[in-house]
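Open the viewer and keep the sequence panel beside it. This tour goes from one selection to the next.

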Amino acid sequence: MSTQQANIKDIIKQEYIKCAMDPVYFFRKYAYISHPIKGRILFHLYPFQEDVLNDFRNNRFTIINKSRQLGISTLSAGFALWIMMFNKDKTVLCIATKQETAKGMVEKVQFMYNNLPSWLKGNVKPLADNKLSLRLANNSQIIATSAASDAGRSYAVSLLLIDEAAFIEGIDKIYTSIKPTIATGGGIIALSSPNGVGNWFHRMYTESEQGKGDFKAIKLRWDLHPDRVGDWEATERANMSAREFAQEYDCDFLGSGNSLVEPDTLTFYEQNFIQDPIERRFMGGDFWIWKYSDYAKSYIVCADVARGDSSDFSAFHIIDVESCEQVAEYKSQVDTRTFGNMLVSVAAEYNNALLVVENANIGWDVINTIIEKGYQNLHYSPKIHGDISADKWISKMEAEQTVPGFTTSVKTRPLVISKMESYIRDKHFIFHSKRLLEELRVFVWINGKAQAQNGYNDDLVMALGMGLFTRDTGVKYHMQGLDSARAALSGISRTGGGVSDVPIMPNGTPNPYQMETVYGVEDLTWMLS
């Protein structure tokens, strides 16, 4: 062997060692990517990309809340190739929303590998090379798969890549099933732009920011990219909604989601109305009180009854009818009879408040308890089949074709939710509860239906919707002179009071908005606002 050949081999050996020891060096000198405009180019790392690579190397678990178009997916693919090239028997599993998306990650690895110099590939020529996998002669491989609950169960995973993690339905179950396979020393890179709050990605990222769990949290906003200067931000904002910009570029969980109530509205409530209760009652302190009962006021107690499983809660609100303000709230897990007795107790305390209880499923057990206790001011719903109209509702009430409790159905549920959303959007309802605020943040549109995100509850939200809907429909009953509505909204007894001695308006006609109640004459003109 000539001296020149020996020198070349020595140079290659040293270069190979440098690449094996430092992924940043490997990238800067040998990682080629396919640019959509420039074609094949060397991956010139920006400083923030270099930092991320070092984080990958120094942390087994990394979770990245990122802006779009920062090259992080490509960076992750290159890191996967670096692991495969310089380690034997490593399996990299890539999961994404769709198999096509995961396949894109494998294709990036394949492109980088195919453009390496032959001396760097050495003896690790691919044994298997297709659109969904790449396997090298050293038995290291990358595999693309779609997001399924059993994804990865059959592999001993060395590195799990989760692309667009916030948008993968059921990712929490996938993560639970895969985690045991990496317990022997594997790693995870989860990356995504945000998709609202409450999902697996949001939970894992926020916990990591607080120093909890195993993940290293990294936030990569749009302004880290050195080319995004001048009018770039203004131009992008002009071409998309505030929610889209929050999701695509700002790494903003609150602004990015598809929540029923706009995040800005919830932030307004948090800054202006959310406060600690003045008293906590019952075992565990789960009954929160902000205002005590006022004998001159009328109240609604609206309750949602737990289905009975361990993840559900029974909940109720107490609402001041006139000011439309939350004065108390309860949320806990309790048996139906205890809950029924509790509702009677607090409704009686708050001036024999109208008691609105959902009558679905085990809600009947609670209602039966209330009836057995002899509570008189229980809300009744009309028996209605088919489409709902105000006239149909009122005619059923007048004919006493009713059932005890609030009937939630496929017809009434959207009306209940819409009513609640409009009250909060217009800031006509005041609430003080942190628990309700958090439920509203994860109450989102999923396939056209407003509901709690997977793993969260909407007990307080649904209870509130029933209460606000009843407040409005009760006003209509009151205007129609219905005795049940008078009991609901002005505290008029079903056996006493009436409309006699109605005050006269200046034009000589009776004022229909003032009525004799158990507390005296009550002016109801506020209902017209």
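What follows is a walk through a predicted model, from the whole chain down to single residues.

**Whole chain**

Start with everything selected. The chain has 529 residues, and buried ones make up 50% of them. Its secondary structure comes to 19 helices and 22 strands. Of the contacts with a sequence separation of 6 or more, 67% link residues 24 or more positions apart. Switch on a surface: the chain exposes about 24,700 Å², with carbon and sulfur atoms supplying 49% of that area.

Now colour by pLDDT. The chain average is 81, and 80% of the residues score at least 70. Then select residues 478–507, where the pLDDT is below 50. In the model this stretch has 71 contacts beyond near neighbours in sequence. Where pLDDT is low, predicted coordinates should not be read in detail.

**Asp22 and helix 2**

Select Asp22. This residue sits in the loop between helix 1 (3–21) and helix 2. Is Asp22 buried or partly exposed? Asp22 counts as partly exposed because its relative accessible area is 27%.

Zoom in on its side chain. Asp22 caps the N-terminal end of helix 2, with a side-chain oxygen 3.0 Å from the backbone nitrogen of Val24. Next, show what surrounds the residue. Beyond neighbours within four places in sequence, Asp22 is in contact with Arg57 and Trp82. Asp22 and Trp82 are 60 residues apart in sequence, yet their C-alpha atoms lie 9.2 Å apart.

Move along to helix 2 itself, residues 23–30. Which of its residues are buried? They are Pro23, Val24, Phe26, Phe27 and Tyr30.

**Phe43**

Keep Phe27 displayed and add Phe43. Phe43 touches Phe27, and also Arg28, Ala31, Ile33, Gln49, Gly71, Thr74 and Leu75, not counting residues up to four places away in sequence. Phe43 is found in the loop between strand 2 (39–42) and helix 3 (47–58). Although it is in a loop, Phe43 is buried, as its relative accessible area is 5%. Add Gly78 and draw a C-alpha distance to Phe43: the value is 9.6 Å, across 35 residues of sequence.

**Asp89**

Jump to Asp89, in the loop between helix 4 (72–85) and strand 4 (91–96). Check its backbone. Phi of Asp89 is near 60°, a positive value in a residue other than glycine. Most residues other than glycine have a negative phi.

**Helix 5**

Select residues 99–114, which form helix 5. How far do its 16 residues reach? From first C-alpha to last, helix 5 spans 22 Å, close to the 22 Å expected at 1.5 Å a residue. Colour its buried residues: Ala102, Lys103, Met105, Val106, Val109, Gln110, Met112 and Tyr113. An α-helix has 3.6 residues a turn, so residues three or four places apart point the same way. Look down the helix axis with that spacing in mind.

**His202**

Go to helix 8 (residues 200–209) and pick His202. His202 counts as buried because its relative accessibility of 16% is under the 20% cut-off. Its contacts, not counting residues up to four places away in sequence, are Gly196, Val197 and Phe253.

**Ile319 and Cys324**

Now select Ile319, in strand 14. Ile319 is buried, with 2% relative accessible area. Show its contacts beyond four places in sequence: Ser298, Tyr299, Ile300, Cys302, Cys324, Glu325, Phe429, Leu464 and Leu468. Pick out Phe429 from this set. Phe429 is 110 residues from Ile319 along the chain, and their C-alpha atoms are separated by 9.3 Å.

Another contact of Ile319 is Cys324, so centre on that residue next. Cys324 lies in the loop between strand 14 (314–320) and strand 15 (325–332). Its phi is positive, about 55°, although Cys324 is not a glycine. With a relative accessible area of 2%, Cys324 is buried.

**Cysteines**

Finish by selecting cysteines. How many disulfides does a search of the whole structure find? The search finds zero. Inspect Cys19, which is buried at 0% relative accessible area. Then turn to Cys251, which counts as buried at 4% relative accessibility.

Note on methods
Residues numbered from 1 in each chain as written. Heavy atoms only, no water. Helix = DSSP H or I, 4+ residues; strand = E, 2+ residues; numbered from the N terminus. Expected span 1.5 Å × (residues − 1). Buried < 20%, exposed > 50% of the residue type's maximum accessible area, 1.4 Å probe, protein only. Contact = heavy atoms within 4.5 Å. pLDDT = per-residue confidence, 0-100. Disulfide = S-S within 2.5 Å. Polar contact = N/O pair within 3.5 Å; in protein donor to acceptor, adjacent residues only side chain to side chain. Areas by Shrake-Rupley, 256 points an atom, 1.4 Å probe, with all protein chains shown as cover.
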